[in-house]
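User: I'm new to this one and would like a close look at a single part of it. Could you take me through the open sheet and what surrounds its strands?

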Amino acid sequence: QVQLVESGGGLVQPGGSLKLSCVADGFPFKAYHMSWYRQPPGKEPEQVARITSSTITESYADSVKGRFSISRDNAKNTIYLQMNSLKVEDTALYYCGRLQSWATTYDYRGQGTQVTVSS
């Protein structure tokens, strides 16, 4: 059974940083591309970052480019999202997803972790 469990969210002031983690289980993790998504209240979900299975390629939404960094540790079945210079508009539910291919959306996702940026 595929399981994805996120952690690391919380309340942070504008300009602050957070690092999210997503631990995967139930499938050969190192064979899959992975991605982070977010969904602000009342808005559509957005893919913010993705990373290839081999960690060679990363891709970011324009809204987070230069501020967020995705990484993975295949030995720990974990992906990370380092978020710096956080803005109020980064407030959202963040969740990770498993990708069947680079150009598709997730086939499995986690429950998510809430990130709130507020002074």
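Analyst: Here is a walk through the open sheet, strand by strand, followed by the rings and charges around it.

A quick word on the ground rules. This is a predicted model, so to speak of it fairly: local features need pLDDT of at least 70, side-chain atom pairs count only at pLDDT 80 or more, and totals for chains, interfaces and linings use all residues. Residues are numbered from 1 along each chain as its sequence is written, and side-chain values use heavy atoms, with hydrogens and water left out.

Let's start with the layout. Four strands make up an open sheet, in the order β1-β3-β8-β7, with antiparallel pairing. The edges belong to β1 (3-7) and β7 (68-73); each has a single partner strand, so one side of each has no neighbour in the sheet. From one strand to the next, the twist averages 15 degrees. Some vocabulary: strands here are DSSP runs (E, at least two residues), just as helices are (H or I, at least four), numbered from the N terminus. Two strands pair if DSSP finds at least two bridges between them. For the twist, axes are lines fitted to C-alpha atoms (for helices, over the stretch in contact), and angles run from 0 to 180 degrees between N-to-C directions. As background, strands of a sheet pair through backbone hydrogen bonds, either parallel or antiparallel.

Now go across the sheet, beginning at β1. It pairs with strand β3 (residues 18-25) in the antiparallel sense over five bridges, and the bridge partner of L4 in β3 is A24. L4 itself is in strand β1 and counts as buried, at 8% relative accessibility. Buried means under 20% relative accessible area, exposed means over 50%, and partly exposed is in between (1.4 Å probe, protein chains only). Leaving aside neighbours within four places in sequence, L4 is in contact with a list of residues that includes C22, F27, M34, C96, R98 and Y108; contact means heavy atoms within 4.5 Å. L4 and W36 are 32 residues apart in sequence, and their C-alpha atoms are 11 Å apart in space.

Next comes the middle of the sheet. β3 and β8 run antiparallel and are joined by six bridges, with S21 standing opposite Y80 in β8.

On the far side, β7 is joined to strand β8 (residues 78-83) by six bridges, again antiparallel. I70 has L81 in β8 as its bridge partner, and R72 stands opposite I79 in β8. Look at the two faces of β7: F68, I70 and R72 lie on the covered one, while S69, S71 and D73 lie on the uncovered one. β7 and β8 form a hairpin with four residues between them. One residue to pick out in that loop is N77, whose phi is near 55 degrees, a positive value in a residue other than glycine. Most residues other than glycine have a negative phi. At 24% relative accessibility, N77 counts as partly exposed. S85, in the loop between β8 and β9, also has a positive phi, near 50 degrees, and is partly exposed at 43% relative accessibility.

Now for the rings. R72, which you met on the covered face of β7, has its charged end over the ring of F29, 4.4 Å from the centre. (A charge sits over a ring if NZ of Lys or CZ of Arg is within 6 Å of the ring centre and within 35 degrees of the ring normal.) F29 forms one aromatic cluster with F27 and Y32.

The structure holds five aromatic pairs. One of them is F27 with Y32: the ring centres are 5.3 Å apart and the planes are at 90 degrees, so this pair is edge-to-face. Rings of Phe, Tyr and Trp (its six-membered ring) pair if their centres lie within 6.5 Å; planes under 30 degrees apart count as stacked, over 60 as edge-to-face and the rest as tilted. Both F27 and Y32 are buried.

Finally, R98 ties in with residues you've already seen. It is found in strand β9 and counts as buried, at 6% relative accessibility. Among the residues R98 touches are L4, F27 and Y32, not counting those up to four places away in sequence. The side chains of R98 and D107 are joined by a polar contact of 2.7 Å, meaning a pair of N or O atoms within 3.5 Å; within protein, one must be able to donate a hydrogen and the other to accept it, and residues adjacent in sequence count only if both atoms are side-chain atoms.
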